[in-house]
Amino acid sequence: MPLNIIVCIKQVPDTNDMRIDPKTNNLIREGVPAVVNPTDLNSIEEALSFKDKYGARVSVLTMGPPQAEQSLRESIAMGADAAYLLTDRAFGGADTLATSYALWRAILKIQEQDGPTDIVFFGKVAIDGETGQVGPGVAVRLGFPVVSYCSKISKVDLENRFIEAERRVDDGVEVVRVPIPCAITVTEAANEPRQASLDGLIKAKRAKITAFNKDAVQADPKKIGLGGSPTYVKKVVVPPPKKKGEIKEGGSPGEAAKWLVDRLVQIGALGARTGSPSPVQQAGTEMQETKKVPGEHGDVWVYVEHRYGIPARVSWELMGEGKRLAQIYGTKLCAVVIGDNVGDVLSKEAFEYGADAVYLTEHPVLHEYRSETYGVAFANLSNKYHPEVVLMGGTHNGRDLAGVLATIIETGLIADCTSLEVDEKGGFNGTRPDFGGKEMSTIVCPRTKPTMASVRTRVMKMPQRVEGKRGQVISEPIELDEKAVKEKIISFTPMERAVAKLENADIIVSGGRGLGSPKNFALVEELADALGAQVGATRAVVYLDWISKDHQIGQTGVTVRARLYFAVGVSGAVQHIVGMENSDTIVAINKDPEASIFGVAHFGIIGDLFQVVPAIIDELKARGLAKKVAIVAK
Ligand SMILES: Cc1cc2nc3c(=O)[nH]c(=O)nc-3n(C[C@H](O)[C@H](O)[C@H](O)COP(=O)(O)OP(=O)(O)OC[C@H]3O[C@@H](n4cnc5c(N)ncnc54)[C@H](O)[C@@H]3O)c2cc1C
């Protein structure tokens, strides 16, 4: 029997082609080409390679307007066998919860015709919203285990009906085993999507696309579209162009180097501070004035993500924001700890980072994170204690859990927030970037509780730790049976030390293609040595094999928040910028005055890096600043 595979894809605007209307300051959407979401192409490829190796019927499903048919035809041209378009005005305005509901209904409909589904594939995230919630959400509704962020299918055993797959997560690589049927969300690392063949193109032109409306899939009208979505967009703004940093052009390399080192010393980024701190350093470390909103509210919860009791930094970063929100609501800040034998150590830290109480669920089955068991454990707590807001790290496992939990408790989830506020009526407002930061959307969740929000690592600042602070531990038991758990963790390999070092680095010097050849990377290393910094890189040079992947910073690499970030010969592509723009002070050295990196740099030198970088090293040495850089605590 061939496998029955469904690939859920999304048609998205090509974000690279989106521009801002200088008159209205709005994003120009008209005329922007629509494309198949990039990692959905990887998921189609994965399904087609199953078809090639084991025999499968590959059906592609999308929800969208009639023109989304084009993306389905492109999938058929690649080799898919059937295509389904879920289209109805009533589906319009759906958030991720309503989208996963509608897709689930459509999958049930397809199963009526084609028989039971073996695997449902998704891309890891869609580039317009970057939430990654829909795949885990659909999996929960189908009762399938989900492998999210799959970077490789390592084993397929059709006789015993299981799959082993690698998940590249924030702290390493997991190999997990799941039974078939299952759901898998695929990353760009998994494969190289194939091109359409000539035969495929001809087939695609003639192919029948089956359209379903809301009645065909027997969708509950209360659960679809805008009306069925717990979250909605309250406000969209195009962020004002960033204030231009100071740029040095002309003069000798020595003068430029002196100018830069002077500025860095002045703001306290190097050596002893003599002037006022940089605008970024001034912002947000201390608790801002808070005014309590009227009414009764639940507590603010922060999920303490960890592996074997070692916490993810983002959990403590969220404590600072959580405390502020709890003060606004006039309620408590509570940490949620789920695991096996980790309560003592994590509760202690949670209290010291600001928690008033800890909700603790421990069980041997919870030894390792699995969305299936952690989702149930968290839902138990939430359903019993009714928090107002649940904050989670926007890590791989944090997003996975958030998508699963929001579906189980049927509430709204705002992903990748960069700011969390409470309005005068007590409504939680999460603001997040869309289209790679070209727009900022403020999203609310007025009808369901709790509001869930995720925040990436290093977006919020670390709060002060108060040694010895204590609070209340509320233990909540759970009954679990390992035999009933579908997902098994086969192995975990911690990530290379270089990545860990980079993520936590205070100073980073990154090199880009402007270095011209691998041997010139020595220049970046020399500057890094002089500054006591870690070495970062762009994807371009990683692809050229000038440096290993664990040094890559950006969308598909590491996200950093350095106190001082040097970009040397880096153009400043949006995929690089998202991984470093939260650094306190950014210095760019580039010979192209139009390079985008100058748009985010606080200090820039327009010049040849081969002259400027040695001059900076000399200047640091001459002033006794080399290798004796004062580390100013954030
Ligand atoms: C899905 C996807 C994900 C991606 N993820 C990432 C990611 O995680 N991280 C990432 O970095 N990229 C990522 N990229 C790639 C990204 O789009 C860019 O291609 C990449 O960042 C460019 O690297 P670069 O700046 O080193 O090279 P280039 O864009 O080639 O820039 C080189 C720069 O060096 C300057 N230069 C040249 N010679 C000199 C000199 N002598 N002195 C001074 N300056 C000089 C040039 O003016 C130019 O600005 C991704 C792309 C895609 C499509």
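1. Let me start with strand β16, residues 300-303, which has both of its faces covered. V300 and V302 are buried on one side, and W301 and Y303 are buried on the other. Please keep in mind as you read on that this is a predicted model.

2. Now for the neighbours of β16. With strand β19 (residues 333-339) the pairing is parallel and runs over four bridges, and Y303 has V336 of β19 opposite it. With strand β21 (residues 389-393) the pairing is again parallel, here over three bridges, and V300 has V389 of β21 opposite it.

3. Helix α9 is worth a look alongside this. Which residues of α9 (residues 343-352) are buried? They are L346, S347, E349, A350 and F351. An α-helix has 3.6 residues a turn, so residues three or four places apart point the same way. The buried residues of α9 pack against several strands: β17 (306-307), β18 (310-311), β19, β20 (357-362) and β27 (472-475). Strand β19 thus turns up twice, as a parallel partner of β16 and among the strands that the buried residues of α9 pack against. Just after the helix, G354 adopts a positive phi of about 125°, a spot you may like to view on screen.

4. On to the domains. The assignment for the chain lists domain 1 (3-229), domain 2 (246-279 + 497-622) and domain 3 (300-493). Note that domain 2 is given as two segments, 246-279 and 497-622.

5. How do domains 1 and 3 meet? Their centres, taken over C-alpha atoms, are 27 Å apart. Contacts link 34 residues of domain 1 with 33 residues of domain 3. On the domain 1 side, at least two residues each come from α3 (96-114), α4 (134-142), β9 (146-157), β10 (162-169) and β11 (172-179). Strand β11 gives the most, with eight residues. By type, this side of domain 1 divides into 15 nonpolar, 10 polar and nine charged residues.

6. Next comes an open sheet of six strands with parallel pairing, in the order β15-β33-β32-β31-β29-β30. The edge strands, each pairing on one side only, are β15 (246-249) and β30 (534-537). On average, and with direction ignored, neighbouring strands of the sheet are turned by 15° against each other.

7. At the β30 end, strand β29 (residues 507-511) runs parallel to β30 and is joined to it by four bridges. In this pair, I508 has Q534 of β30 as its bridge partner. Helix α13 (residues 521-531) packs on the sheet, where it touches β29, β30 and β31 (564-568), and its direction makes about 170° with that of β29. Helix α16 (residues 609-622) also packs on the sheet, touching β31, β32 (585-590) and β33 (603-606), with an angle of about 135° between its direction and that of β32.

8. Finally, the ligand. Which residues come nearest to the ligand? Of the 29 residues around it, they are G512, G514, R539, G554 and S571. Two or more residues of the shell come from each of α14 (539-543), α15 (574-577), β32 and α16, and α14 has the largest share, three residues. The shell divides into 10 nonpolar, 14 polar and five charged residues. Both β32 and α16 will be familiar from the sheet, where α16 touches β32.

Notes. Residues numbered from 1 in each chain as written. Predicted model: local features only at pLDDT ≥ 70, side-chain atom pairs only at ≥ 80, totals over all residues. Buried ≥ 20, exposed ≤ 12 C-beta atoms within 10 Å, placed from the backbone. Pairing = 2+ DSSP bridges. Axes fitted to C-alpha atoms, helices over the stretch in contact; angles between N-to-C directions. Contact = placed C-beta atoms within 7 Å. Near = placed C-beta within 6 Å. Nonpolar A, V, L, I, M, F, W, Y, C, P; charged D, E, K, R; others polar. Domains from an automatic or database assignment.
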